[in-house]
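Hi there,

Here is the structure I promised to pass on to you. Have a look at it first, then read my notes underneath.

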Amino acid sequence: MEPAGERFPEQRQVLILLLLVELALAGWEPRRYSVMEETERGSFVANLADDLGLEVRELAARGARVVSEDNERGLQLDLQTGQLILNEKLDREELCGPTEPCIMNFQVLLKKPLEVFRAELLVRDINDHSPEFPEKEITLKIPEISSPGTVFPLKKAWDLDVGSNNVQNYSISPNSHFHVSTRIQGDGRKYPELVLDTELDREEQAELRLTLTALDGGFTPRSGTAQILVLVLDANDNAPVFAQALYEVQVPENSPIGSLVVKVSARDLDTGTNGEISYSLFYSSQATSKPFELSSISGEIRLIKKLDFETTSSYDLDIEASDGGGLSGKCSVSVKVLDVNDNSPELTISSLTSPIPENSPETEVALFRIRDRDSGENGKMTCSIQDDVPFELKPSVENFYRLVTEGALDRETRAEYNITITVTDLGTPRLKTEHSITVQVSDVNDNAPAFTQTSYTFFVRENNSPALHIGTVSATDRDSGTNAQVTYSLLPPQDTHLALASLVSINADNGHLFALRSLDYEALQAFEFRVGATDGGSPALSSEALVRVLVLDANDNSPFVLYPLQNGSAPCTELVPRAAEPGYLVTKVVAVDGDSGQNAWLSFQLLKATEPGLFGVWAHNGEVRTARLLSERDAAKHRLLVLVKDNGEPPRSATATLHVLLVDGFSQPYLQLPEAAPAPAQADSLTVYLVVALASVSSLFLFSVLLFVAVRLCRRSRAASVGRCSVPEGPFPGHLVDVSGTGTLCQSYQYEVCLSGGSESNEFKFLKPVFPNILSQESRRKSEFLE
């Protein structure tokens with residue numbers, strides 16, 4: 001058998017699909033198979049693989065199966081051999097009753113792709129039932145005046161078999177008065193009639209007993225018998241006659257019990273008891289349900305049981321009217337049951353696919369069939385689903401429907417759909433059936449992990465302990481299962497000079513970041529790197545985020561005194577004239593701190609002095625000045641101990657020792673060792689040296705003043721354009737401090753002392769110190785660090 005039609009793309013319009021399928025099926029007639037009833041289960045019926053023109057393996061690959069109209073499992077398809085076999089014994093009488101031929105309609109369903117082939121199974125009758133009479137004993141009252149040739153109708157025997165296996169003829173036991181003739185009516189039914197051959201004589205024989213035999217036409221004939229009791233009566237020459245030989249009525253199947261179906265009527269010309277008519281009812285065929293009742297007096301036929309059009313659509317009744325003299329007449333009643341819309345549509349799921357993967361194009365979810373047992377408009381149906389789901393119904397052949405997705409689904413938007421299929425008939429009132437299908441959407445790895453922030457900033461105080469938890473990065477994935485399992489990693493740094501692997505590590509499971517070693521703010525104030533988040537899908541998706549780590553300064557550096565040098569081989573002595581006014585600048589203690597912020601704010605304090613109250617130290621700039629007028633009584637040699645302390649917590653400090661020598665108008669020579677007096681022979685030469693020194697100092701002072709003015713003007717113009725350094729408004733000294741023009745510094749230094757005027761920290765910056773060659777290498781490195 002060739003396929004029912006070519007397979008067309010599922011995206012075509014439903015109307016075109018139905019039209020083409022109808023055209024394809026128009027030239028193909030259902031194949032009919034036959035089987036004898038009562039054949040044993042498992043018996044061979046046909047080779048469907050050959051009939052369909054398919055290989056046996058194709059049947060299994062295309063999901064072949066046999067479905068019947070009533071969902072009966074009478075037939076089964078063996079996918080191993082391609083044979084159609086019986087799944088159970090078939091009883092033709094149970095399946096079709098008196099209907100002939102007895103045909104079972106079924107379909108062969110191929111799912112991949114969808115094709116449906118209609119077929120019929122003819123169940124042939126065997127002679128497995130014997131004829132039976134409605135009554136085992138029939139009583140006939142025959143007047144003795146009946147003339148030979150008078151015919152007396154008898155009740156027919158019924159046989160569940162059909163065709164030649166049904167009742168074919170009747171016979172009667174041998175006797176001298178009667179014989180039986182078989183009468184065939186227009187509907188093909190055969191009725192026995194008792195024919196009087198010779199006159200009866202009641203006085204000679206008041207009753208006769210005869211055996212009536214019904215014989216079917218089977219290969220091995222079966223028979224049934226009934227006894228006929230003939231009572232010979234006195235003369236009654238008129239038999240009852242019905243107004244109609246055949247009554248035809250139509251009754252709706254939903255008629256209530258007790259409803260009048262029809263009223264039959266017969267009349268008898270005799271009088272008295274011979275004219276009194278009584279009615280009796282018997283079915284012309286065996287009926288498992290007898291829903292009618294006949295009133296023997298009125299002839300009314302009423303309903304005593306509910307009718308069901310889908311079970312039995314018509315009934316044939318025989319009514320007999322008998323008078324009191326033993327004569328009788330007969331009529332037939334044909335009752336047609338009218339269909340009403342009393343059956344809701346039925347829906348049978350043939351296949352269901354769930355879950356379905358997201359992002360897939362149009363996908364078949366379910367294949368189902370609908371059916372309504374009513375007829376006419378009551379059996380026509382419409383099928384629909386709700387509008388708020390991305391699915392659609394596509395009609396197929398033989399009342400099959402396919403439920404498919406309209407397009408790709410997104411599990412992250414919705415992971416489950418509850419679809420209600422509604423089937424409504426066109427009857428009055430309309431009946432409907434609803435069937436719910438739950439469709440799960442399975443996850444596909446289509447979402448990359450997303451960090452909660454595009455960049456993270458973490459703060460770590462220097463001198464931290466190794467393996468310190470410095471922060472956590474977090475990413476989420478909208479997928480599910482392994483597709484949502486996020487693994488974190490450090491990405492290769494863009495700065496190849498950054499040894500990232502020795503600085504931080506990350507926990508791959510939770511994104512915790514740890515510092516691998518102790519950090520030093522003075523060596524590394526900040527660094528940044530990228531972290532990646534990768535999911536567990538296949539292929540894996542990933543994203544990245546930027547992490548900045550700022551190292552916070554800790555007060556781990558003590559102030560360092562630049563001047564006066566504390567590691568020199570010989571101390572530096574400051575010269576102060578005794579005529580100095582109060583506030584005379586003796587010298588300036590210069591110190592720096594390798595820390596930052598308030599940890600580098602320095603304050604100065606006079607810790608010890610040879611003569612307390614004579615000298616003072618400015619707390620903010622370290623200038624040492626005279627606190628009062630000097631007198632002759634003050635000692636010539638003074639030793640000052642200055643404490644330099646930062647503003648950290650806890651604070652760190654350093655000390656500077658100053659040696660001050662009081663001289664009279666610089667006339668006294670500067671002695672490195674004040675305890676040793678000069679020799680008398682050297683007095684003149686020392687005076688000459690002192691004069692030369694004073695002249696040099698004066699020249700140097702004048703040059704410093706000019707240089708100070710020039711530099712200050714230059715700085716102002718540069719600050720206006722570049723904004724490098726602004727003069728503070730606080731109680732601090734001016735922009736440029738020259739510590740060589742005043743006092744008696746043994747070395748010459750020049751510093752730019754700059755204070756950020758807008759800064760809340762009032763932090764000092766010492767920029768570009770000019771050091772003499774005798775500065776130690778350590779001082780040079782410290783100064784370069786500050787720059």
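Below is what was found in it, from the whole chain down to a single residue.

First, some ground rules. This is a predicted model, where local features need pLDDT of at least 70, side-chain atom pairs count only at pLDDT 80 or more, and totals for chains, interfaces and linings use all residues. Residues are numbered from 1 along each chain as its sequence is written, and side-chain values use heavy atoms, with hydrogens and water left out.

How sure is the predictor? pLDDT is its confidence in each residue, from 0 to 100. The protein chain averages 80, and 82% of the residues score at least 70. Two stretches to treat with care: pLDDT stays under 50 over residues 667-683, which have 15 contacts beyond four places in sequence. It is also below 50 over residues 719-787, a stretch with 128 contacts beyond near neighbours in sequence. (Contact means heavy atoms within 4.5 Å.)

Now the overall picture. The protein chain has 6 helices and 52 strands; these are DSSP runs numbered from the N terminus, with helices being H or I of at least four residues and strands E of at least two. Of its 787 residues, 42% count as buried, meaning under 20% relative accessible area (exposed is over 50%, partly exposed in between; 1.4 Å probe, protein chains only). Among contacts between residues at least 6 apart in sequence, 67% join residues at least 24 apart.

Next, one sheet to find on your screen. It is an open sheet of 3 strands in the order 2-5-4, with antiparallel pairing; two strands pair if DSSP finds at least two bridges between them. Strand 2 (44-47) and strand 4 (75-78) are the edge strands, each pairing on one side only. Strand 2 is joined to strand 5 (residues 83-86) by 3 bridges, and Phe44 has Ile85 in strand 5 as its bridge partner.

Finally, zoom in on Thr405, in strand 29 (residues 400-405). Is Thr405 buried or exposed? Thr405 counts as buried, because its relative accessibility is 1%. Leaving aside neighbours within four places in sequence, its contacts include Ile356, Pro361, Val365 and Phe391. Thr363 is another residue in contact with Thr405, and here a polar atom of the Thr405 side chain lies 2.8 Å from the backbone nitrogen of Thr363.

Happy exploring!

Methods: pLDDT = per-residue confidence, 0-100. Polar contact = N/O pair within 3.5 Å; in protein donor to acceptor, adjacent residues only side chain to side chain.
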